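Please load the structure in a viewer and keep the selection tool at hand. The tour proceeds stop by stop, each with a selection to make and a description of what is found there.

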Amino acid sequence: MLLQVNHLQKIFQTRFSKEKTIALQDVSFSVENGEYIAIMGESGSGKTTLLNTLATLDKPTSGSVILNGQDVTKIKENKLAEFRRTHLGFIFQDFNLLDTLSVRDNIFLPLVLGREKVRVMEQRLEALAPKLNITDLLNKQPFELSGGQKQRVAIARALITEPELVLADEPTAALDFKNSEGLLSLLEEVNDTGQTILMVTHSAIAASHAKRVLFIKDGRIFHQLYRVHRETADFMQEVSMTMTNLLGTEVR
Amino acid sequence: MFYVKLASRNIRQSISNFLPFGLSSMVMFIMNLMIATILFSPSLKKLQGSGSFALLLGLGFIVLSIFATIFMIYSYRFLLKRRTKEFGLYNILGLKKRHIVRISILELLMMFVATVIAGTLLGIILAKFFYLILIRLLGESYFDLAWSPLAVGIVTVIFACIYLLLAIISSLSISRQSSLELLKNASKGEKEPKSRGLLALLGIVSLGIGYYLAVTVTSPLDALTKFFIAVLFVIFGTLLFYLSFTIWLLKRQKKNKAYYYQPKHFITVSSMLYRMKQNAVGLANITILVTMTFVTLATTVGLYSSINGFLDDYFVRNTIININTTQQRATSFIDQVAEENGIPLKHKISYEMSNSMIGAMQNGKFENKQKLASLTAVNFMTAKTYETLTGNTVHLRDHEAIVFPAVGSFKESSVQFGQYTFNIKDKINRIRNFPSISLTASNWLILIVNSKAQIQPVLEAASKAAGSHAAPLSMETTISADVTREDAKKLNHVLSEYRVDGLKPIQRIDEGKEQALSGPAPSVISYDEMHKQFLSFAGGFLFIGLVLGFTFILGTALIIYYKQISEGEQDKRSFEILQEVGLSGAEVRQTIRSQVLLVFFLPIVVAVVHFGFAFIMIQKLISLFGTTRLGLLLLTSIGTIAVVACIYYLIYKQTSRAYFQIVER
């Protein structure tokens, strides 16, 4: 078992009012090695809070997150950056590439921060670039790229550290339909090589590319669906239906 | 009315944007008003040497006005850039560009009125304070400065012109851009700069020329003319240096993978490279301003602090009398006049020399040419005079001379005057009981030769070359003695009625008689009189230097502040991303610090190098007014640099806090 989430609870309380907002309530689930999980919910459901907690960007009020036997909620503040760098890979909805760096250097960034040897960085990139179809882009600057290209570069940056878990936060939100489709199948391919991926999304299309979908509403996990060898189109139907029925919301 | 409301609301709501602009506007106004108030104050005329001081103040006022204009434009463009998004939004929400221009002009108008009102009040108070400093610097004791409506009026008009210029800039930049451009202005991608070899070369050549000019200055007058050319070359060179050389250096660092791919260097080098174009201009501005501060302050402080030394070098006794005749005639005449008037001349020293021959001295050859770079005054002295002055005995043959370069240097083995040549037997550094500097701006060379028989033909040839209308050159006598202040005045008065012309009889002007008298009156200068004159000049200079230096430092502070703020905003997102990808807070701080430190040190280091070369010129320039004390000048310069560097560091530390606050969440 790669990741185990136990009874996670997160309560927000503003400093000047007694009013509490419960963002996560007794969330428990586990992720096996090589899985591709989508956590689906509408905005305000708590899915981003959940992701931030898993990403160690946010501390839970109670509960634990255990990655490979280590409780990430207990890691000291000054060790967190290093932990994120070595164990996790991130894909953001607005790509978060640094304008000051070339594409190649953006991908190298986490390795440089980890003081990796230049030779190792180049070897890894050489293996990774053709898979993500970014070989031609390496010497460009981020502002010269299209959205789809940027996201592929961001995936390369997430994968180059060979992380145990890749966390994706609405990776298709800033992309058009065609680019979204391309990106989602690319993530599937990445997952096929054995990379564990956890994605947070509100889109049924995006979710239907995963192997398992968890539904979240009002800070609770309500339901889960397994894809089991179905075509994405079929699976999407079911995901969409579930969303409508269980959560009472209409989704695409 | 609606626009007025909108404009005033804008200022109140984005006060953090308007504050730096408002402050720079106010400070510039106050500085200008202060100078103008003192300049137009009637009490200035009561000061000693007010003429030259008023000239200096006027010059300072012009420099300040130009500086204020440049600075306000810089400041306003920064403000405008930060507000383009806001204007774009107005445009999209349905305001016509004409209306937006109207709003921005109304905003400017409000800032202008605020500047004038607050600036006038503060300026008048500060002018009094500064006037007090000025009076102390000039060595005067009374204090009386009235505020002058004329000064306020003039400064207000100047600032009205500046604001008009800003309004034009604003309306041009708003109407030129489309609304979408206005909205997006803030987030434009920049292509990595190319290092331009040609520009780098040009920059280095330009710096080289500037430095070369500074190093090869030969005389004070030469320094004066070359100074501004050198300054222009150095300013141009500095800009090109930052534009090309630093980019080239960073690119080289980037190519070195083992160096570049280290966490510390990686982020610093890449973000510096990304920003280098805008950085270069900012750094060049800071460097030039810091250098200007150094030069202004070091020159004026150096000048002021070396007055006493200079006067000590010149005044062998506290009063010096110069008479245009031979020593024998001069001494007996002066002794007689002194006795008649009951003036005791204590510790009397007298010596005679030839009149000054002024011309160009090049490679040991003296020519009757007015060439500024090598202008030299030459005086001959006989061996006998030298012996009585110093007590040393010298043996010179007819074609031999001992050389004493009092101002400037002399390295050749012979000196030639037309057909007459003297071989240099010896070079000396000083003559006892003889001034070691001159009151003129040119170089000064004293040649000691065997007897008047050697001097005469040279003088005659020179007189002939000068033409018939010029007075023939002969001998003159200098008598130094200690005389009380009252007696010196009396002596001056009495002697001014006499005319002395070489070997002709000394004549006295008779009242009521028409006489054709030739020759100048004997001149009397006293230490006290000279000291006062120098103090008023150097004090005025120092005052202007302090005001300008202060303004330059403020300018530097503001530029650094703007730089930090704008960079902080650009870097905010980068550092957020870096932290998400895995840079710890401590590492972020370390990266920022090393980046900031580099930007801090670069201008200071370059400015110190610039100053090092300027120092050679400054030294010559100051020797125009008289110092030869290298040690003192070096000390005051180092002191000035240290003080400015400290202030600069404080500014940097303070503005860095602003940067940290923006970048850190």
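With which side chain does the side chain of B:Glu107 make a polar contact? Select B:Glu107 in this predicted model, and display B:Asn10 with it: the two side chains are in polar contact at 2.8 Å. B:Glu107 is located in helix 4 of chain B, which covers residues 97-138. Its relative accessible area is 2%, so B:Glu107 falls under the 20% limit and counts as buried. To complete the surroundings, add the residues that B:Glu107 touches beyond four places in sequence: B:Ala7, B:Asn10, B:Ile11, B:Phe18 and B:Arg83.

**The nonpolar cores**

Next, select B:Phe21 and B:Phe543. These are the residues with the most contacts inside the largest nonpolar core, a set of 201 residues. To follow this core, colour helix 16 of chain B (residues 527-581), from which its largest share, 22 residues, is drawn. Then centre the view on B:Phe21 and show its contacts further than four places away in sequence. They are B:Met72, B:Ser75, B:Tyr76, B:Leu79, B:Leu108, B:Met111, B:Tyr163, B:Leu166 and B:Tyr562. A second core, separate from this one, has 29 residues; to locate it, select A:Val31, A:Ala55, A:Leu67 and A:Leu214, which are among its members. As background, nonpolar side chains in soluble globular proteins tend to be buried together.

**Aromatic pairs**

Now display the aromatic rings; over all chains, the structure holds 27 aromatic pairs. Begin with B:Tyr211 and B:Phe613, whose rings are stacked, with 3.8 Å from centre to centre and 10 degrees between the planes. Which parts of chain B does this pair tie together? B:Tyr211 belongs to helix 7 (residues 197-215) and B:Phe613 to helix 17 (residues 585-625), so the pair joins parts that are 402 residues apart in sequence. The two rings may also be viewed with the surface shown: B:Tyr211 counts as buried at 15% relative accessibility, whereas B:Phe613, at 26%, is partly exposed.

Move on to B:Phe417 and B:Phe422. Their ring centres are 6.5 Å apart and their planes lie at 70 degrees; because planes over 60 degrees apart count as edge-to-face, this pair is assigned to that class. Both B:Phe417 and B:Phe422 are buried. Then select A:Phe108 together with B:Tyr260, B:Tyr261 and B:Phe266, which ring pairs link into a cluster.

**The contact between chain A and chain B**

Finally, colour the two chains separately and select the residues at their contact. Chain A contributes 28 residues and chain B 27 residues. About 2400 Å² is buried between the two chains, and carbon and sulfur atoms give 64% of this area. Highlight A:Thr100, A:Val112 and A:Leu113: they supply 22% of the area that chain A buries against chain B, more than any other three residues.

For the polar part of the interface, select A:Glu122 and B:Lys257, whose side chains meet in a salt bridge at 2.7 Å, N to O. Across the interface, two salt bridges are found, and four residue pairs are in polar contact. Which helices of chain A each supply at least two residues to the side that touches chain B? They are helix 2 (77-87), helix 3 (103-113) and helix 4 (118-132). Helix 3 of chain A gives the largest share of that side, seven residues.

Technical notes. Residues numbered from 1 in each chain as written. Chains lettered and ligands numbered in written order. Predicted model: local features only at pLDDT ≥ 70, side-chain atom pairs only at ≥ 80, totals over all residues. Heavy atoms only, no water. Core = buried A, V, L, I, M, F, W, Y, C linked by side-chain atoms within 4.5 Å. Buried < 20%, exposed > 50% of the residue type's maximum accessible area, 1.4 Å probe, protein only. Helix = DSSP H or I, 4+ residues; strand = E, 2+ residues; numbered from the N terminus. Contact = heavy atoms within 4.5 Å. Phe/Tyr/Trp six-rings, centres within 6.5 Å; stacked < 30°, edge-to-face > 60°. Buried area = accessible area lost by both parts, 1.4 Å probe. Salt bridge = Lys/Arg side-chain N within 4 Å of Asp/Glu carboxyl O. Polar contact = N/O pair within 3.5 Å; in protein donor to acceptor, adjacent residues only side chain to side chain.
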